[in-house]
Every structure is written in structure tokens, then in C-alpha cells.
Amino acid sequence: MTASRNPFAYAPAPESRAAADIASSYGLFVDGKFTEAADGGTLKTVNPATEEVLSEVAVGGEADVDRAVKAARKAFRTWSALPGSERAKYLFRIARLVQEHARELAVLETLDNGKPIRESRDVDIPLVAAHFFHYAGWADKLAHAGFGADPKPLGVAGQVIPWNFPLLMLAWKIAPALAAGNTVVLKPAETTPLTALRFAEICVEAGLPAGVVNIVTGAGDTGRAVVAHPDVDKIAFTGSTEVGKQILRTVAGTGKKLTLELGGKAANIVYDDAALDSAVEGIVNGIFFNQGQVCCAGSRLLVQESVADEVLHMLTRRLGTLRLGDPMDKNTDVGAINSAEQLDRITRLVNAGDEEGAERWTAPCEIPAKGFWFPPTVFTGVTQAHRIAREEIFGPVLSVLTFRTPAEAVEKANNTPYGLSAGVWTEKGAKALWTAQRLRAGVVWTNTFNRFDPASPFGGFKESGFGREGGRHGLEAYLDV
């Protein structure tokens with residue numbers, strides 16, 4: 001459509017790639033310096049929007065993980081002995097350096113992950129800094145956190161993070177661990193290692209003592225080596241429920257402390273008295289933010305029958321205005337799917353929705369010739385028996401179900417093996433509270449969705465995992481209490 005016919009047409013507004021300097025290859029960050037992997041193994045990380053190779057990174061094996069754990073154990077003795085006020089200074093420095101390098105980090109995240117630069121710039125990176133600031137404030141107040149007068153750190157924390165929010169998940173894990181006096185061996189996702197490696201350089205710039213933070217890149221075998229290492233005291237994992245179950249079996253009987261933040265199939269409940277314009281924006285943010293690649297995405301829309309047609313009409317009209325394309329363009333709303341493997345999973349589950357008789361509506365948009373893309377998609381005529389209503393798709397796909405009464409809404413919302421998050425849209429506070437109290441979800445948003453604050457705990461029930469990250473509660477997982 002030409003600009004003369006469409007007064008809302010946008011001219012391209014690309015962010016400059018020059019903001020980020022990407023090396024041709026990266027080693028492992030162990031004991032304060034970058035080193036090659038013991039067996040010389042490497043993997044390529046690619047731009048999901050163009051399929052171009054961005055860099056080559058080392059693949060850590062068991063020997064490399066062992067070296068990183070030994071460095072963390074050695075550093076633990078001096079790091080844990082520091083007064084909390086001294087540890088806080090390092091965390092404050094890291095937070096300020098994240099702010100200072102915010103543009104560079106946002107560009108790196110978007111190039112490596114595929115998410116729109118607007119999300120990296122305005123959501124991910126500011127929250128990374130906020131988490132380090134928050135836990136810097138806790139470092140000298142552990143005695144007042146409610147876990148005893150003199151809580152002690154656990155030791156070495158092994159942390160494995162996903163590809164959907166690479167740097168933010170790193171902050172969720174590393175900031176409380178360091179504040180509590182632990183040292184860290186972190187394994188970033190194989191498809192998104194670049195911001196973790198840049199964070200390692202920030203640690204050096206902040207003067208963090210060698211061995212306190214170690215970054216070991218690699219794929220599944222590297223993560224398994226971290227989880228299984230006998231000298232790791234605590235495991236923190238964010239990722240799929242399937243891998244979470246494997247980790248649970250590995251650590252059973254070892255005495256390691258464990259937190260798991262796993263999959264979700266969140267219900268977004270819209271009552272007939274909701275402010276529908278706001279609700280539609282919340283629905284869009286709930287499922288199409290980060291291309292739906294969010295554990296707590298509102299992937300099931302439960303809408304009261306009396307307003308279902310109106311909501312669907314408003315929703316499809318709104319989706320027609322979303323801009324899919326170059327993630328580096330500041331006007332882009334929907335970026336690239338992170339990998340060919342994830343795109344294949346989304347496609348298979350969407351095809352299952354077609355085969356099982358649900359009605360598919362796809363937002364009108366042009367799919368780029370290169371890269372991994374999936375358009376915003378809505379399924380109606382969905383029942384609770386459909387796979388698209390039961391399984392986590394982890395993509396920009398919304399399943400719409402209806403209900404007549406609040407009790408039916410709660411019953412349908414809870415009819416899932418997951419329990420990570422939920423949303424409630426209503427103008428009546430009593431109805432919102434009644435509903436929230438009956439939902440088996442770790443986080444329930446009212447008249448909003450996907451809102452995060454470092455002071456607020458986050459975590460799930462059932463197959464969405466256990467333990468909490470964020471706020472005062474996030475410290476408990478890293479203290480011997």
C-alpha cells in the first residue's frame with residue numbers, strides 16, 4: 001500500500017548495526033579471561049532475520065565446565081567473605097555499565113535473538129539494569145530479608161538460561177546469586193550467546209574478581225555437564241518442561257538446591273464488563289510480544305460469550321496494523337522466530353490445529369524471503385481437547401475459547417498441566433480478586449499483561465516449575481536457609 005493511500009504508513013527507521021562490534025569468534029569466559037575450549041569445538045550463531053552467521057563461539061565440554069567450577073569455588077572463598085556493602089558496589093557498577101552500553105546491548109540482543117529492537121531497547125535492557133540495581137540494594141541487607149539473622153550463601157551456582165530473553169534471564173540469575181555471596185557458572189542458550197559474552201566483558205570492566213562469574217557457551221551437552229557437576233551447590237534453570245524434568249532426575253538425591261522456571265499455557269480471561277479497547281491491547285501484548293516466545297505468554301484467550309464476537313472483531317482489526325519485518329527497524333512490532341527448529345515446532349502445532357478442525361485466521365503481512373518468520377495467527381472454534389489449547393506452542397499463535405460464567409472461566413483456565421501465569425480483565429475489583437484467588441498460576445495480572453518488576457517474585461506451579469525469581473523471594477534460592 002502506498003503512503004498516499006495509507007496515512008499511517010511508516011518509512012524505514014533502522015537502528016545502526018555499527019552500535020555493536022561483534023568479533024568473528026569468542027572463547028569461554030573462565031576465571032576472568034577468555035580461553036578456547038579444551039577440544040577446540042565451536043558453533044555458529046546466526047541472525048534469525050537474515051540467516052547470516054554473526055560469530056563463532058566455543059563449545060564447552062566436561063573439562064571446561066570442571067575448570068569453570070573450580071575457578072568459581074576458589075573465588076567463592078573471598079567473594080563470600082566480602083561485606084555485603086562491598087559486593088553491592090560491584091553490582092552497582094555492573095548496573096551502571098549496562099546502562100552505559102544499553103544501545104550496544106539492545107542491538108546485540110536483536111541481531112542474535114530476532115526480537116524487535118524496540119523491545120530490546122525499551123524492555124529487556126532497562127530491566128537488566130533494574131535487576132542489578134535492585135539486588136545491589138539487597139546485598140548488605142540479607143539479615144533483614146526474613147531468612148534468619150545471618151543467612152549464608154550456598155557456594156557455586158550452576159545456571160542454564162534460554163534464548164527468548166538472553167540477557168534478562170542472565171540478570172535474573174546472576175544478580176541475586178552475587179548479592180547473596182555465591183559465585184556462578186552460567187551456560188547461555190546455544191542460539192543466543194552474544195550478550196552473555198558481552199556481559200563477561202562488562203564484568204571485567206567493573207573490576208569483578210576473577211572466577212566470580214564464569215560463562216561457558218555450548219549446547220545441550222554443556223548444560224548437562226553444568227547440572228551434573230558434583231561441586232555445584234545450586235542449579236537454576238529456565239527453559240522447557242521436558243528439560244526441567246531431566247534436570248530434576250539428575251539432581252535427585254544429590255543435595256543440590258534447585259529452582260525451575262518452565263513452560264506455560266497462560267489463560268487471559270476477558271469478562272463482559274472489561275474495558276475492551278484496553279483488553280485487546282493486553283491480548284496483543286500477551287501473545288505477540290517477542291513473537292509469543294514467552295513462557296508466560298497469554299496463549300489461551302478465554303472471552304465471555306456475550307462479548308466474544310466484538311472482541312474478535314476488534315482483535316483482528318488490531319492485528320492488521322501490526323508490522324512484521326526487519327527486527328532492527330524501530331517501527332517493527334513482530335520480529336523473527338529465533339531458529340529454524342522453533343519455526344518448525346510452531347508450524348507443526350499450527351497444522352495440528354487445522355487438522356483438528358479449529359478455524360485459523362492469519363494477519364495480513366508480507367513474509368521476508370530470508371530468515372525464520374511466522375505471522376500473527378488466531379484460532380477460533382477451539383476446544384480444550386485441541387493440541388493448540390493444551391501444548392505450549394511458543395510462537396505468535398492465539399487459541400480462543402469462550403465461557404459463560406466466572407466459575408466456567410476458572411475451570412477452563414486451570415485445565416492445564418501448567419501454572420505459570422494468567423490475566424484477568426474486568427472493571428469490578430471484587431470479580432478480579434475472586435478470579436485471581438482461584439487460578440492456579442504463579443503470577444496473575446489484572447487489566448494488564450507481561451508486566452515485570454525486579455521487586456516482584458515470579459515463578460510457577462505444577463509443570464511450570466517451582467521456586468521464585470525476583471524480589472526478596474529470589475534471594476532464598478541462593479541462601480542456605
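**View 1. Gln291, a buried loop residue.** Gln291 has a relative accessible area of 0% and is therefore buried (under 20% relative accessible area, where over 50% is exposed and in between is partly exposed, with a 1.4 Å probe and protein chains only). This is a predicted model, in which local features need pLDDT of at least 70, side-chain atom pairs count only at pLDDT 80 or more, and totals for chains, interfaces and linings use all residues. Residues are numbered from 1 along each chain as its sequence is written, and side-chain values use heavy atoms, with hydrogens and water left out. The loop that holds Gln291 runs between helix 9 (276-288) and strand 12 (300-304); helices (H or I, at least four residues) and strands (E, at least two) are DSSP runs, numbered from the N terminus. Gln291 is not a glycine, yet its phi is positive, at about 60°. Most residues other than glycine have a negative phi.

**View 2. Asp31, a partly exposed loop residue.** Asp31 sits in the loop between strand 2 (28-30) and strand 3 (33-35). Its relative accessible area is 32%, so Asp31 counts as partly exposed. The phi of Asp31 is near 55°, which is a positive value in a residue other than glycine.

**View 3. Ala129 in helix 4.** Helix 4 covers residues 117-138 and includes Ala129. With a relative accessible area of 3%, Ala129 is buried. Leaving aside neighbours within four places in sequence, Ala129 is in contact with Ala95, Val98 and Gln99 (contact means heavy atoms within 4.5 Å).

**View 4. Ala129 and Arg438.** These two residues, Ala129 and Arg438, are 309 residues apart in sequence. In space, the C-alpha to C-alpha distance between Ala129 and Arg438 is 34 Å.
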